[in-house]
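Welcome! Have a look at the sequence and the 3D view, and keep them open while you read.

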Amino acid sequence: MTLRIGWFSTGNGPGSRNLLNAVMDEIRAGTLDVEIPVVFCNRELGEKDGSDRFIEAVRGHGLELITYSSAAFRREHDGALSRPGEPLPSWREAYDDEVAAKLAPYGFIYGVLAGYMLICTEALCGRFSLLNLHPAAPGGPAGTWQEVIHQIIKTEAPSSGAMIHLATPVLDEGPPVSYCAFSLRGYPIDAYWAAERAEPSPDREMIERSALFREIRRQGAARELPLMVETLRALAEGRVAVNGERVLDSEGHDAAPLDLSREVDRLVVPMLSNELASPE
């Protein structure tokens with residue numbers, strides 16, 4: 001049976017469009033037994049250039065689109081802005097409740113958070129199984145991809161990765177469904193580690209300009225799209241499933257997150273090697 005998924009995105013940048021395009025390419029090629037009955041965007045046309053381009057891409061794919069501005073909803077309800085580390089303001093639950101009602105008729109099994117910039121409240125998480133892409137392997141750092149890389153460098157972690165996890169109201173703490181991992185040792189990254197250690201007290205901006213920081217991001221970013229595609233393939237084929245907050249194997253037993261490193265590397269490693277070998 002074809003897997004029905006809802007697609008959630010704020011559509012800020014090209015990564016949001018690329019992820020949707022990658023999945024649609026697989027669907028059209030007949031290699032991914034997935035259907036997207038609805039795409040939801042929490043911005044309206046005209047709010048932001050990036051979101052406008054995302055909305056145009058969705059329409060170009062011929063997908064059903066629902067837009068509902070979270071910013072306009074907040075202003076209409078005299079709501080406060082959400083602030084990191086503080087409880088979500090009350091309007092967020094009310095907004096998510098309305099979003100859930102708008103999406104309920106589409107009957108999708110999973111929702112994919114692909115560049116969706118809002119933390120989901122219980123009104124959404126309790127209604128749908130929402131899958132989120134996080135730029136670290138299970139047990140790795142929380143936060144944005146920039147924060148993840150800073151923590152990796154600070155601790156001199158031997159590896160990193162990316163995971164798809166179940167979204168919960170607590171940011172980045174839902175159970176992992178699948179992941180891929182990659183080594184941060186060997187050629188050429190050992191030389192980048194050495195250069196970083198030789199730099200006395202680098203500040204944040206200096207670290208983000210470093211070859212080490214850029215290489216970790218290059219390795220991780222290259223894996224995010226194929227990890228999402230391979231996770232959807234595994235869900236469609238029944239190799240992994242989610243029931244409530246339980247991750248299950250093909251026989252319905254509680255399972256560890258599915259390691260898709262081999263499948264992802266088969267697609268990514270040749271591309272990264274070619275980039276490394278190409279002259280600048």
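## A strand with neighbours on both sides

Let's begin inside the sheet: Leu-131 has Leu-166 of strand 6 standing opposite it. Please keep in mind that this is a predicted model. Strand 5, which covers residues 129–134, is mostly covered, with 6 of its 6 residues buried. On one side of strand 5 you will find Ser-129, Leu-131 and Leu-133, and on the other Leu-130, Asn-132 and His-134; both faces are covered, and these residues are all buried.

Which way do the partners of strand 5 run? Strand 4 (residues 110–113) runs parallel to strand 5 and is joined to it by 4 bridges. One residue to find here is Leu-113, whose bridge partner in strand 5 is Asn-132. Strand 6 (residues 159–166) pairs with strand 5 in the antiparallel sense, again over 4 bridges. Here Leu-133 has Ile-164 of strand 6 as its bridge partner.

## The whole sheet

Now zoom out. How many strands form the open sheet, and in what order? There are 8 strands, arranged as 3-2-1-4-5-6-7-10, and their pairing is mixed. At the edges are strand 3 (65–67) and strand 10 (258–259), each of which pairs on one side only. As a reminder of what holds such an arrangement together, strands of a sheet pair through backbone hydrogen bonds, and they can do this either parallel or antiparallel.

Just before strand 3, look for His-61, which is found in the loop between helix 2 (49–60) and strand 3. Is His-61 buried or exposed? His-61 counts as buried, because its relative accessibility is 18% and the cut-off for buried is under 20%. In sequence, His-61 and Met-24 are 37 residues apart, while in space their C-alpha atoms are 7.8 Å apart.

## A hairpin of two strands

Next, find strand 8 (240–243) and strand 9 (246–249). These two strands run antiparallel and are joined by 4 bridges. In one of the facing pairs, Val-240 stands opposite Asp-249 of strand 9. Strand 8 has two unlike faces: Val-240 and Val-242 make up the covered face, while Ala-241 and Asn-243 make up the uncovered one.

The hairpin has 2 residues between its strands, and in it Gly-244 takes a positive phi near 65 degrees. Glu-245 also lies in the loop between strand 8 and strand 9. Glu-245 counts as exposed because its relative accessibility is 57%, and exposed means over 50%.

## A patch of negative charge

Glu-245 brings us to the surface, where it gathers with Glu-93, Asp-97, Glu-98 and Glu-122 in a patch of negative charge. Which element gives the largest share of the negative patch? That is helix 4 (residues 90–103), which contributes 3 residues.

## Salt bridges along the helices

The structure holds 13 salt bridges, and three of them make a good tour. Stay with helix 4 to see one: the side chains of Asp-96 and Arg-92 meet in a salt bridge, at 3.1 Å from N to O. Both residues lie in helix 4 and are 4 residues apart, about one turn of the helix. Asp-96 counts as buried because its relative accessibility is 1%. Arg-92 counts as buried too, because its relative accessibility is also 1%.

Move on to helix 8 (residues 204–209), where Arg-209 and Glu-205 lie 4 residues apart, about one turn of the helix. Their side chains meet in a salt bridge of 3.1 Å, N to O. Is Glu-205 buried or exposed? With a relative accessible area of 56%, Glu-205 is exposed.

The last stop is helix 9 (residues 211–236), where Glu-230 and Arg-233 are separated by about one helical turn because they are 3 residues apart. Glu-230 forms a salt bridge with Arg-233, and the closest N and O atoms are 3.1 Å apart. Both Glu-230 and Arg-233 are buried. Glu-26 belongs to the picture as well: salt bridges that share partners join Glu-26, Glu-230 and Arg-233 into one network.

Key. Residues numbered from 1 in each chain as written. Predicted model: local features only at pLDDT ≥ 70, side-chain atom pairs only at ≥ 80, totals over all residues. Heavy atoms only, no water. Patch = residues over 30% accessible without salt bridge, like charges linked within 9 Å, V, L, I, M, F, W, Y side chains within 5 Å. Areas by Shrake-Rupley, 256 points an atom, 1.4 Å probe, with all protein chains shown as cover. Salt bridge = Lys/Arg side-chain N within 4 Å of Asp/Glu carboxyl O. Lys, Arg positive; Asp, Glu negative; His and termini not counted. Charge placed at Lys NZ, Arg CZ, Asp CG, Glu CD. Buried < 20%, exposed > 50% of the residue type's maximum accessible area, 1.4 Å probe, protein only. Pairing = 2+ DSSP bridges.
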